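Morning, everyone. I have one structure to go through today, and I will keep it short.

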Amino acid sequence: MLSTKRLFDEIPYEKHFEATVIYVGDDHIVLDQTLFYPLSGNQDFDIGSIGEYPVTAVHVDNTDEGKLDFSAPIRHYVTTDNFSIGQKIEGQIDSTRRLNTMRLHTASHIVEFFMRKMPTFLSIEGSFVNNEKDRADYFLSQNIDPQSLSALEQEVNRFISQGHEIVFKYQDGIRLWCCNEIEMPCCGTHVSNTKEIGTVKLSRKNKGKGLNRIEIKLV
């Protein structure tokens, strides 16, 4: 059974890696280990290159929709004519894209923590993060006004500037993101200290009655 070791869980700041091709499809290959993060956990995929060939997308073969299989094969979409099973390769990710995604993903959990403390919070309906911004949709009993959004932004940036460390632990097969008093399930990539995020800017879009889309961008 095919399996890919997730190097990005252990060494998310690395740019280069070596691996062996274990499967060649019509439009993708599978490696025995990879630094390329696949589209999953509401986080966009990495791009980069394997040898001289660009990797245009990365996806994970996960048969259980309710729970991520941390040993599932990861598909790297690349021109496959030049690859064969057993071939040794060298890969490189776009490290600037990765780092910005890590910064924004960490910021998204901090924003969610403070959003959940608001008396108007009802639920979070979905989110997505890439290297340009994070966006999350919150149901609130009352739409967030500009003054409250500004206060939230200040509270988030104050927490970020305090330099809290981020660590991970596993509980009942679930990977937990831990920062100060915050714990949230997460399979994505993150910075190791909140100070690495820098300053963030929050904005709001009204997606319907009670549904507030909060977007985060790096300043």
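I will take the two domains and the interface between them, and then the cysteines. Keep in mind that this is a predicted model.

Start with the layout. The protein splits into domain 1, residues 5-93, and domain 2, residues 97-218. Between the C-alpha centres of domain 1 and domain 2 there is a distance of 27 Å.

Now the interface. On the domain 1 side, 20 residues are in contact with domain 2, and they meet 21 residues there. Together domain 1 and domain 2 bury about 1600 Å² between them, and carbon and sulfur atoms account for 51% of that area. Which three residues of domain 1 supply more of its buried area against domain 2 than any other three? They are Tyr13, Asn42 and Gln43, with 35% of what domain 1 buries there.

On to the polar side of this interface. There are three salt bridges between domain 1 and domain 2. Arg98 pairs with Asp46 in a salt bridge, and their closest N and O atoms are 2.5 Å apart. Polar contacts across the interface of domain 1 and domain 2 come to 13 residue pairs, counting pairs with both residues at pLDDT 80 or more. As for composition, the side of domain 1 that touches domain 2 has eleven nonpolar residues, four polar ones and five charged ones.

Last, the cysteines. A disulfide covalently joins the sulfur atoms of two cysteines. How many disulfides does a search of the whole structure find? Zero.

Why is Cys179 not in one? The closest cysteine sulfur to that of Cys179 belongs to Cys178 and is 9.0 Å away, which is too far for a bond. Cys179 is also buried, at 0% relative accessibility.

Cys187 is a similar story. Its closest cysteine sulfur is in Cys186, 5.8 Å away, so that pair is too far apart for a bond as well. Cys187 has a relative accessible area of 13% and therefore counts as buried.

That is what I have; questions are welcome.

Definitions and conventions. Residues are numbered from 1 along each chain as its sequence is written. This is a predicted model: local features need pLDDT of at least 70, side-chain atom pairs count only at pLDDT 80 or more; totals for chains, interfaces and linings use all residues. Side-chain values use heavy atoms; hydrogens and water are left out. Domain bounds come from an automatic or database domain assignment. Contact means heavy atoms within 4.5 Å. Buried area is the accessible area (1.4 Å probe) that two parts lose on being put together, summed over both. A salt bridge is a side-chain nitrogen of Lys or Arg within 4 Å of a carboxyl oxygen of Asp or Glu. A polar contact is a pair of N or O atoms within 3.5 Å; within protein, one must be able to donate a hydrogen and the other to accept it, and residues adjacent in sequence count only if both atoms are side-chain atoms. Ala, Val, Leu, Ile, Met, Phe, Trp, Tyr, Cys and Pro count as nonpolar, Asp, Glu, Lys and Arg as charged, and the others, Gly among them, as polar. A disulfide is a pair of cysteine sulfur atoms within 2.5 Å. Buried means under 20% relative accessible area, exposed over 50%, partly exposed in between (1.4 Å probe, protein chains only).
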